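Trainee: Got a minute to go through this one with me? I'd like to look at the rings and then at any empty space inside.
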Amino acid sequence: MEVIENHPEVFQDFVRLNEEWISRYFQLEEVDRELARNPQMVIDDGGYIFSLEEDGEVLGVCALFFEESGVYELARMAVSPIHQGNGYAHILMRAAIRKLEALGAKRVYLVSNTKLKAAISLYKKYGFHTIFEGRHPVYSRANIVMERLMHNQALH
């Protein structure tokens, strides 16, 4: 099992897993359809797409979207429904944080929904704290923004 970074051959799995996850809890939005049409834009804009793979199968994915110098958004984390509960989100989270550390990022934030209790718990475990609750200007499904300052925080 390994985490692969920016592997174009898995971009369709990245889109599929995200659309499955979003559709399970929410509705797909135009911003989702735009990303599905061109997942390469994440990388072209300075970000990263991670895929957790084993024997050629993509078990989970996540991304770091470049926001501005030193700031990234952790986004689009999804684990295949048949593989949930195996700790794969932790593997992806650690890979993303290691990448942020290597990049010298100052902070990372994410957008989520408070009804996703397991996700919120995961984010808190990795040092994210709430900086905003309420209606999000881009994602109608989002009602919480969390961030993690990267300095002086050890990887769990």
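Mentor: Sure, we'll take the aromatic pairs and then the cavity, keeping in mind that this is a predicted model.

Trainee: How many aromatic pairs are there?

Mentor: The count is 5. One of them joins Trp21 and Tyr25, with 5.8 Å centre to centre and 50° between the planes.

Trainee: How far apart are Trp21 and Tyr25 in helix 1?

Mentor: They are 4 residues apart in that helix, which spans residues 11-25, so about one helical turn separates them.

Trainee: And which ring does Tyr25 pair with besides that?

Mentor: Phe26. Those ring centres are 6.3 Å apart with the planes at 50°, so this pair counts as tilted. Trp21, Tyr25 and Phe26 form one aromatic cluster.

Trainee: Is Phe26 buried or exposed?

Mentor: Phe26 is buried, at 15% relative accessible area, because the cut-off for buried is under 20%. Trp21 is partly exposed at 23%, and Tyr25 is partly exposed at 33%.

Trainee: OK, new topic. How many cavities of 30 Å³ or more are there?

Mentor: There is 1, with a volume of about 40 Å³.

Trainee: What lines the largest cavity?

Mentor: The lining includes Phe14, Val15, Ile22, Leu28 and Arg76. By type, the lining residues divide into 6 nonpolar, 1 polar and 3 charged.

Trainee: Which helix supplies the largest share of that lining?

Mentor: Helix 1, with 5 residues. Helix 2, residues 30-37, also supplies at least two.

Definitions and conventions
Residues numbered from 1 in each chain as written. Predicted model: local features only at pLDDT ≥ 70, side-chain atom pairs only at ≥ 80, totals over all residues. Heavy atoms only, no water. Phe/Tyr/Trp six-rings, centres within 6.5 Å; stacked < 30°, edge-to-face > 60°. Buried < 20%, exposed > 50% of the residue type's maximum accessible area, 1.4 Å probe, protein only. 1 Å grid on protein atoms, 1.4 Å probe; cavity = no way out; pocket = protein on both sides within 12 Å on 5 of 7 lines; lining within 4 Å. Points joined across faces, edges and corners; volume = space filled by probe spheres on them. Nonpolar A, V, L, I, M, F, W, Y, C, P; charged D, E, K, R; others polar.
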